[in-house]
Amino acid sequence: MKWQADDLAVVTGGSGGLGRALVRDLASAGLRVLAVGRRAEALAETAAPNTDRIQTVAADIGDPEGRARVVAAVRGARVRTVIHNAGVLEPVRPLRDVDVASWRYAMAVNLEAPVFLTQGLLPLMDQASRVLHISSGAAHRPSQGWGAYCASKSALYMVYQVYREELRQDGVLVGSVRPGVVDTPMQAHIRQQTPDHFPAVERFVKLKENGQLYAPEDAADFILWVLFKTGDKQFTEQEWNIGDSEHYQRWRETRRS
Ligand SMILES: NC(=O)c1ccc[n+]([C@@H]2O[C@H](COP(=O)([O-])OP(=O)(O)OC[C@H]3O[C@@H](n4cnc5c(N)ncnc54)[C@H](OP(=O)(O)O)[C@@H]3O)[C@@H](O)[C@H]2O)c1
């Protein structure tokens, strides 16, 4: 991906976790970045090391009005990339106990927001723009207690594929990436679950105890490698996965060279 001075990267969920590392890395790479999240103070903390390049907008992207504020904040810029990173894990409990409001909120943030933010930002993108979805292993396999999360990420995987086909003619490339298990507040939240809500909780406790989580900075490095270093066809044709040994090797080798 090539960019010019003043090109903008939009990153949702830039107020913490993986998104914070992505925002800071993009700014260090020379792009202007718009970081989006609900918490203004946490966004300011993300921006603090590079306020020249990092702008913020506090908005709930699960809400059409919040998404409209994001689009309004971008007006006039050329959007080189959008990273749909914001995500919510809740409601964590068996599907039989999930209430409709929390189900809808998960769908609004994890699925509806990427669909409609891409739609809203498209007029500001051009031939060289790249849209990137942050996916998950949960998009591809069921996990008891994560019904809303799995369903929303699985549907997001299909949205990636449909948008990829539909936007090809405009030259806008759409990709998807799985960042692995990353040491973020979402993982801390996972480890706090009870087995009756999330039977696999112990596996995640062990991963943390054994130091097997990716640092957000490393996962962000992989994601930005996918964004910047892959050719057009490579970027879109498959979902990138840090847990895939071939993808992992290609990233590490390029990094060394
Ligand atoms: N961590 C992992 O192991 C892992 C594994 C696979 C995939 N992922 C995916 O990676 C992405 C980032 O995850 P993470 O671990 O960094 O999660 P996290 O630590 O919980 O951070 C989530 C981010 O999303 C933002 N967000 C949540 N709801 C929002 C809303 N309604 N409007 C705007 N922003 C919102 C949060 O900011 P505010 O609270 O300020 O709104 C926060 O910045 C997610 O899509 C997640 O599904 C994570």
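Start by selecting helix α8, residues 216-229, in this predicted model. Colour its buried positions and you will pick out Pro216, Ala219, Ala220, Phe222, Ile223, Leu224, Val226 and Leu227. As you look along the helix, remember that an α-helix has 3.6 residues a turn, so residues three or four places apart point the same way. Now put a distance label on the two ends: the 14 residues of α8 reach 19 Å from the first C-alpha to the last, close to the 20 Å expected at 1.5 Å a residue.

Next, select helix α5, residues 147-167. Its end C-alpha atoms are 30 Å apart, which agrees with the 30 Å that 21 residues should span at 1.5 Å a residue. The buried residues here are Gly147, Ala148, Tyr149, Cys150, Ser152, Lys153, Leu156, Tyr160 and Tyr163. Which elements do the buried residues of α5 pack against? Show α4, β5 (130-134) and β6 (173-178), and you have the partners.

Stay on α5 and click Ser154. Is Ser154 buried or partly exposed? Ser154 has 17 other C-beta atoms within 10 Å, so it counts as partly exposed; the buried class needs 20 or more. From Ser154, draw a line to Asp244: the two are 90 residues apart along the chain, and their C-alpha atoms are separated by 18 Å.

Now move to the loop between β4 (79-84) and α4 (100-121), and select Ala86. With 25 other C-beta atoms within 10 Å, Ala86 is buried. Show its contacts beyond the four neighbouring places in sequence: Thr12, Gly13, Gly19, Val36, Gly37, Ile61, Val109 and Ala113. Take Gly19 from that group: Gly19 sits 67 residues from Ala86 in sequence, yet the C-alpha to C-alpha distance is 7.4 Å.

In that loop between β4 and α4, find Pro91 as well. The peptide bond joining Glu90 and Pro91 is cis, with omega at about 5°, so a torsion label is handy here. Then bring up the ligand and the residues around it. The shell holds 29 residues, and the closest are Gly13, Gly17, Gly37, Arg38 and Gly87. Three elements give two or more residues to this shell: α1 (17-28), β2 (32-37) and α6 (185-191). Colour the shell by residue class and you get 13 nonpolar, 13 polar and 3 charged.

For the interior, select Val10, Val11, Val33 and Val36, the residues with the most contacts inside the largest nonpolar core, which has 68 residues. Centre the view on Val33 and show its contacts beyond the four neighbouring places in sequence: Ala9, Val11, Val23, Leu26, Ala27, Arg53 and Ile54.

Finally, zoom out to the whole chain, with its 10 helices and 7 strands. Its C-alpha trace spans about 50 × 45 × 40 Å along the principal axes. The radius of gyration is 17 Å, which agrees with the value near 18 Å for a compact globule of 257 residues. Buried residues make up 45% of the chain. Of the contacts between residues at least 6 apart in sequence, 69% join residues at least 24 apart.

Technical notes
Residues are numbered from 1 along each chain as its sequence is written. This is a predicted model: local features need pLDDT of at least 70, side-chain atom pairs count only at pLDDT 80 or more; totals for chains, interfaces and linings use all residues. A residue is near a molecule or strand if its C-beta atom, placed from the backbone, lies within 6 Å of it. Helices (H or I, at least four residues) and strands (E, at least two) are DSSP runs, numbered from the N terminus. Ala, Val, Leu, Ile, Met, Phe, Trp, Tyr, Cys and Pro count as nonpolar, Asp, Glu, Lys and Arg as charged, and the others, Gly among them, as polar. The expected span of a helix is 1.5 Å times one less than its number of residues. A residue is buried if 20 or more other C-beta atoms lie within 10 Å of its own, exposed if 12 or fewer, and partly exposed in between; C-beta atoms are placed from the backbone. The radius of gyration is taken over C-alpha atoms; the globule rule is 2.2 Å times the number of residues to the power 0.38. Two residues are in contact if their C-beta atoms, placed from the backbone, lie within 7 Å. A nonpolar core is a set of buried Ala, Val, Leu, Ile, Met, Phe, Trp, Tyr and Cys residues joined through C-beta atoms within 7 Å.
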